[in-house]
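Please open the model in your viewer and keep a selection box ready, since this tour moves from one aromatic pair to the next and then to packed helices.

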Amino acid sequence: MGSTTDSNASSSNASGASSSEQPSLKRVMGPGLLLLFIVGDILGTGIYALTGKVANQVGGAVWLPFLIAFLVAIVTAFSYLELVTKFPKAAGAALYTHKAFGVHFLTYMVAFAVMCSGITSASTASRAFAANFVEAFDLDFTTGIGITLLGLAFMTVVGIINFRGVSESVKTNVVLTCIELSGLLIIIMIGLWALGVGDGDFSRVATFDTGERSPVGAVIAGTALAFFAMVGFEDSVNMAEECKEPSRIFPKVLLTGLLVTGAIYVFVSITAIALVPVSDLGEGDTPLLKVVQAGAPGFPIGIFAFITMFAVANTALINMLMASRLLYGMSREKVLPPPFGRVHARRRTPYVAIVFTTLVAFGLITFVGEVPELGGTTALLLLCVFTIVNITVLVLRKQPVEHKHFRVPTILPIVGTLTCGFLATPFADRPIVQYQIAGVLLGIGVVLWAGTVLVNKRLGKGGPELDPEKLAEHE
């Protein structure tokens, strides 16, 4: 296996045709920024907010679902690496689906599902941000309208940063990634200190408390939820339009980011359960604050609450960036209404797409709100997409390319298809409300598609034909 030897010359060739219509997006991300983007997107809300919820599923062996989720994610990441180096375009899963099956509606729904996963992930982060804000400022409410209003205010700020531009947003991501990484390293150091001095009960990491479920069923349910913590690497593929030389840098950067985050997750979850009993860890949306309180009572808890706030803010920012850019791309391909493709003349950002995705997030924060359900819906949407991506690897083996590219062993996409597909089914004990949320979001996509079809026919433009390769050709 090797890396691709060609470049995205076609993107620059196509730029002249489109630049007269709308300002172009900027390519600002090199390998360093891409690594921080991936690490920052994977780290964050999942581990900061869901550790306790996963512990409620399995008991002391909370690290096991995170480990299994990491293994499932890295198998799918290998599939992405073959595809992104074989077809070095920015459209990600939508491009691979289109090349494998050629069904425009299926291609569109995959792209829309990825976009929706970004919005549900950001909405999860907003709820976690609000909960930690309350802790940081010692406010006297933890639920209800207060949390909702804080979440909405937070999402408004994210939208403003997104509007200012990807350069500003990625620079903000660098700062937030360093902050969130420091918070997790603090947790790990607290755990090492506790292990050295004999504090904490590390025997709990090998115990299961699964209630009426069998240990296997509990681990499966925990993994279905913990998988939310491992998503994020696929966002980097969809940001390739604003990334320098994506074909060359993706393999090393993506695998490095996944290995770093996987190791951190296992260490953090072991530390958390060793220092805080399951019953306490699983209450509320601020589990790691409890770990700091238990393992380092002298540490200023307000400071760690702020670190957690920055961490989940990073998750929201990255996901809203991805969602708005993907919506913009689909509009420019004329499968969504044209206004979504408008770019602000001065900021050079897709401002209508940003407003729309922000409003959808407002709806989720207001009418759903709960961290496990929003996080679980994110995982559900992406598990469905990952199942398709793993299948496309096998289908596209029939379409060889001339340049060298990364080649994944055939067994891995088969394993990825089976594991991702299983975790997306009700057999993984996934709550029905997650399917309902996903259904509403995808239903919005169907309505937008149908509306665009009707308008195009009235204007004599024919039916929509989404070519995902062109999502990378608006430079």
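Select Phe105, which at 35% relative accessibility counts as partly exposed, because that class lies between buried (under 20% relative accessible area) and exposed (over 50%), with a 1.4 Å probe and protein chains only. This is a predicted model, in which local features need pLDDT of at least 70 and side-chain atom pairs count only at pLDDT 80 or more, while totals for chains, interfaces and linings use all residues. Residues are numbered from 1 along each chain as its sequence is written, and side-chain values use heavy atoms, with hydrogens and water left out.

Add Tyr108, which is buried with a relative accessible area of 0%. Phe105 and Tyr108 are 3 residues apart in helix H6, so about one helical turn separates them; helices here are DSSP runs (H or I, at least four residues), numbered from the N terminus.

Next select Phe112: the rings of Tyr108 and Phe112 have their centres 5.7 Å apart and their planes at 35 degrees, so the pair is tilted. Rings of Phe, Tyr and Trp (its six-membered ring) pair if their centres lie within 6.5 Å, with planes under 30 degrees apart counted as stacked, over 60 as edge-to-face and the rest as tilted. Both Tyr108 and Phe112 are buried.

For a cluster linked by ring pairs, select Phe129, Phe133, Phe137, Phe154 and Phe306.

Finally, show helix H15 (residues 351-367), where the buried residues include Val352, Ile354 and Leu364. Among the elements that cover the buried residues of H15, by contact (heavy atoms within 4.5 Å), are H6, H16 and H18.

Methods:
Helix = DSSP H or I, 4+ residues; strand = E, 2+ residues; numbered from the N terminus.
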